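Got your viewer open and a selection box ready? Let's take a walk through this one, stop by stop.

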Amino acid sequence: MVEANNTTVTLQVHRFTPRPERAERARGGSPFAKKSSPFGGGSDSAARRRPRGKQWVQEYTIPARPSDTVLDCLLTIKRTIDPTLAFRYSCGHGMCGSDAAAINGTPTLLCTATVRDWAKQPSTAPEVDDEGFRRTGDETANEPDVPAENVENNITEGSLGVIELASLPGFPPQRDLIADIDPMLNQIRKLTPYLQADGVLATTAEGKMDVFEYLQNPEQLAKYETLSNCIACGVCEGACPVYAGGDAFVGPAALIWASRFINDSRDTKAMDRMDAIDTADGVAGCQSVRACSRHCPRGIDVGEEMWQIVAKVRER
Ligand code: SF4
Ligand code: FES
């Protein structure tokens with residue numbers, strides 16, 4: 001179906017500009033804190049502290065079609081209206097995980113979210129005048145420009161609705177829609193996210209050394225193949241109410257990476273890996289809320305995997 005071009009969408013962007021470093025120092029912060037103090041700068045908890053700066057909500061109304069992605073809309077704003085708007089992206093089609101953000105409060109990827117799916121009609125709450133009385137003159141003034149079904153059918157003129165954007169929850173914002181995901185990457189790193197094989201070379205059917213590969217059958221591969229699709233986007237972490245609460249939980253993404261190698265028949269460190277996550281901040285932190293499963297862009301049922309890794313650690 002051909003989509004009309006005379007439609008618009010409004011993006012409400014929660015913006016953030018960090019306070020310049022020099023201003024922090026002028027307020028009394030030590031310029032040497034990071035290097036010399038055990039309490040300065042380097043820890044995860046320091047990284048998680050919400051940075052100070054200016055916060056405000058900015059609204060942009062731009063021409064858009066229902067099939068446009070939210071990333072398309074942001075690029076239009078950046079190129080034609082406001083070059084200062086900051087957001088991160090790379091591949092543009094759900095493969096790199098660099099553009100995770102909160103859309104209408106839900107963590108997801110900007111490049112796979114469409115206007116059709118995420119534009120909401122503005123509130124139809126009655127307008128109230130300066131003295132608190134409801135306006136009665138024009139009862140149609142607050143009706144949405146476009147009925148919701150028209151957005152779905154792509155046959156509309158006027159406003160397609162409003163999309164609210166903010167940086168990924170659970171992580172300190174760096175600027176506008178860019179979150180600092182280093183805490184998650186550091187937690188994944190701590191769990192040795194690479195194959196630790198025994199170094200014994202596999203042999204071929206003839207008993208010869210096969211120096212090029214470790215052999216694995218399809219059933220063994222199936223145990224971790226889906227998990228190896230994780231792109232460390234942080235969407236599951238942003239959705240997890242326990243992770244969003246601070247440092248006390250290693251988070252679903254790190255546990256997915258641990259599980260990926262625990263389930264790999266070639267890896268010889270499964271017991272060590274399970275020991276590493278058998279802590280109060282590891283699997284014990286998971287409350288089985290399963291919010292982590294809802295928007296994984298790689299189709300991983302994160303909550304189910306959490307459940308299985310918890311059971312595996314307890315049963316060993
Ligand atoms: S498990 Fe899914 S949502 Fe979580 S970091 Fe990996 S790809 Fe992103
Ligand atoms: S830009 Fe790569 S996943 Fe969205």
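Which residues does T114 touch, if you don't count those up to four places away in sequence? Select T114 and look around: P66, S67, D68 and T69 are the ones it touches. Keep in mind as you go that this is a predicted model. T114 itself lies in the loop that runs between strand 4 and helix 5 (115–118). Is T114 buried or exposed? Its relative accessibility is 14%, so T114 counts as buried.

**Stop two: the sheet**

Now switch to cartoon view and pick out the strands. Five of them make an open sheet, and reading across gives the order 2-1-5-3-4, with mixed pairing. Which strands sit at the edges? Colour strand 2 (53–63) and strand 4 (106–109): these are the edge strands, each pairing on one side only. If the sheet looks twisted on your screen, here is a number to go with it: neighbouring strands are turned by 35 degrees against each other on average, ignoring direction.

**Stop three: strand 1 and its two partners**

Select residues 7–18, which is strand 1. On one hand there is strand 5 (residues 158–167), which pairs with strand 1 in the parallel sense over six bridges. On the other there is strand 2, paired with strand 1 in the antiparallel sense over 11 bridges.

To see some of this residue by residue, start at T8, which stands opposite S159 in strand 5. Then move along to V13. Which residue is its bridge partner in strand 5? That would be L165. V13 also has a residue opposite it in strand 2, namely Q58.

Next, click on Q12, also in strand 1. Draw a distance from its C-alpha to that of E164: you should get 4.7 Å, even though the two are 152 residues apart along the chain. What else does Q12 contact, leaving aside neighbours within four places in sequence? Show V57, Q58 and E59, then V162, I163, E164 and L165; Q12 is in contact with each of these. With a relative accessible area of 23%, Q12 is partly exposed.

While you're here, toggle the side chains on. In a regular strand, side chains alternate between the two faces of the sheet.

**Stop four: helix 10 and the helices packed on it**

Time to leave the strands. Two packed helices are described by the angle between their axes and the distance between the axes, and helix 10 gives you two pairs to try.

Begin with helix 7 (residues 182–190) and helix 10 (residues 252–262). Their axes come within 9 Å and cross at roughly 25 degrees. How are these two helices oriented to each other? Angles under 35 degrees count as roughly parallel, so helix 7 and helix 10 are roughly parallel to each other. The crossing of helix 7 over helix 10 is right-handed. For the contact, show M184, Q187 and I188 on the helix 7 side, and A253, A254 and W257 on the helix 10 side. Sorted by class, that contact has five nonpolar residues, one polar and no charged ones.

Now swap helix 7 for helix 12 (residues 302–315). Here the axes are 10 Å apart and the packing angle is about 60 degrees, which makes helix 10 oblique to helix 12. This time the crossing is left-handed. From helix 10, select P252, L255, I256, S259 and I262; from helix 12, select V302, E305, M306, I309 and K312. What is the mix by class? The contact of helix 10 with helix 12 has seven nonpolar, one polar and two charged residues.

**Last stop: two backbone oddities**

Pull up a Ramachandran plot if your viewer has one. Most residues other than glycine have a negative phi. Now find T192, with a positive phi of about 45 degrees although it is not a glycine. T192 is in the loop between helix 7 and strand 8 (202–203), and its relative accessible area of 23% makes it partly exposed.

Then jump to R290. Where does R290 sit? Look in the loop between helix 11 (270–277) and helix 12. R290 is not a glycine either, yet its phi is positive, at about 70 degrees. At 32% relative accessibility, R290 counts as partly exposed.

Definitions and conventions:
Residues are numbered from 1 along each chain as its sequence is written. Chains are lettered from A and ligands numbered from 1 in the order in which they are written. This is a predicted model: local features need pLDDT of at least 70, side-chain atom pairs count only at pLDDT 80 or more; totals for chains, interfaces and linings use all residues. Side-chain values use heavy atoms; hydrogens and water are left out. Axes are lines fitted to C-alpha atoms, for helices over the stretch in contact, and angles run from 0 to 180 degrees between N-to-C directions. Helices (H or I, at least four residues) and strands (E, at least two) are DSSP runs, numbered from the N terminus. Angles under 35 degrees count as roughly parallel, over 145 as roughly antiparallel, 65 to 115 as roughly perpendicular and the rest as oblique. A crossing is left-handed if the near helix is turned anticlockwise from the far one by less than a right angle, and right-handed if clockwise. Contact means heavy atoms within 4.5 Å. Ala, Val, Leu, Ile, Met, Phe, Trp, Tyr, Cys and Pro count as nonpolar, Asp, Glu, Lys and Arg as charged, and the others, Gly among them, as polar. Two strands pair if DSSP finds at least two bridges between them. Buried means under 20% relative accessible area, exposed over 50%, partly exposed in between (1.4 Å probe, protein chains only).
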